[in-house]
Amino acid sequence: MAYGIQLLNPNGTVFLDSSYRTGKILGTIVSGTSNGSFTPTGSFDGTIFAFAPYTGIFPPGIWVTNNVIYWAFSYSDRSSVDIFYGCF
């Protein structure tokens, strides 16, 4: 039986399944209150992931394309959040 966490992209495809491999956190980004992007630097192997845990504040939408982390707010009440990023 599989166990762990699965992360799905918007079309429902699994892009992270900790039952098969695990990742490591490389750092954090403070989103500020504007849409933005961040390109991790340094040496890493694997696929970049990013997330903002729910802490009572709705985080922005977060996605990764070509090893660049993007975030965008879709509502008017924008609060800065910590975005964790890493690779697996």
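What follows walks through the strand pairings and the largest pocket of this predicted model.

Starting with the sheet, three strands come together in an open arrangement, ordered E3-E8-E5 and paired antiparallel. Strand E3 (24–30) and E5 sit at the edges with a single partner strand each, so one side of each is left without a neighbour in the sheet. On average, and ignoring direction, neighbouring strands here are turned by 25 degrees against each other. Between E3 and strand E8 (residues 82–87), the antiparallel pairing runs over six bridges. Val30 in this pairing has Asp82 of E8 standing opposite.

A hairpin is built from E6 and E7, with two residues between the strands. Strand E7 covers residues 68–72, and its antiparallel pairing with E6 spans five bridges. One of the partnerships across the hairpin puts Ile62 against Trp71 in E7. As for the turn region, Asn66 takes a positive phi, near 50 degrees.

Ile62 turns up again in the largest pocket, as one of the residues nearest the pocket centre, along with Phe15, Ala50, Trp63 and Val64. The lining counts 17 residues in total, and the pocket volume comes to about 330 Å³. Two or more lining residues come from each of strand E1 (6–8), strand E5 (48–51) and strand E6 (61–65). That ties the pocket to both arrangements above: E5 is an edge strand of the open sheet, while E6 belongs to the hairpin with E7. Chemically, the lining leans nonpolar, with 14 residues of that class against three polar ones, and no charged residues appear.

Key:
Residues numbered from 1 in each chain as written. Predicted model: local features only at pLDDT ≥ 70, side-chain atom pairs only at ≥ 80, totals over all residues. Heavy atoms only, no water. 1 Å grid on protein atoms, 1.4 Å probe; cavity = no way out; pocket = protein on both sides within 12 Å on 5 of 7 lines; lining within 4 Å. Points joined across faces, edges and corners; volume = space filled by probe spheres on them. Helix = DSSP H or I, 4+ residues; strand = E, 2+ residues; numbered from the N terminus. Nonpolar A, V, L, I, M, F, W, Y, C, P; charged D, E, K, R; others polar. Pairing = 2+ DSSP bridges. Axes fitted to C-alpha atoms, helices over the stretch in contact; angles between N-to-C directions.
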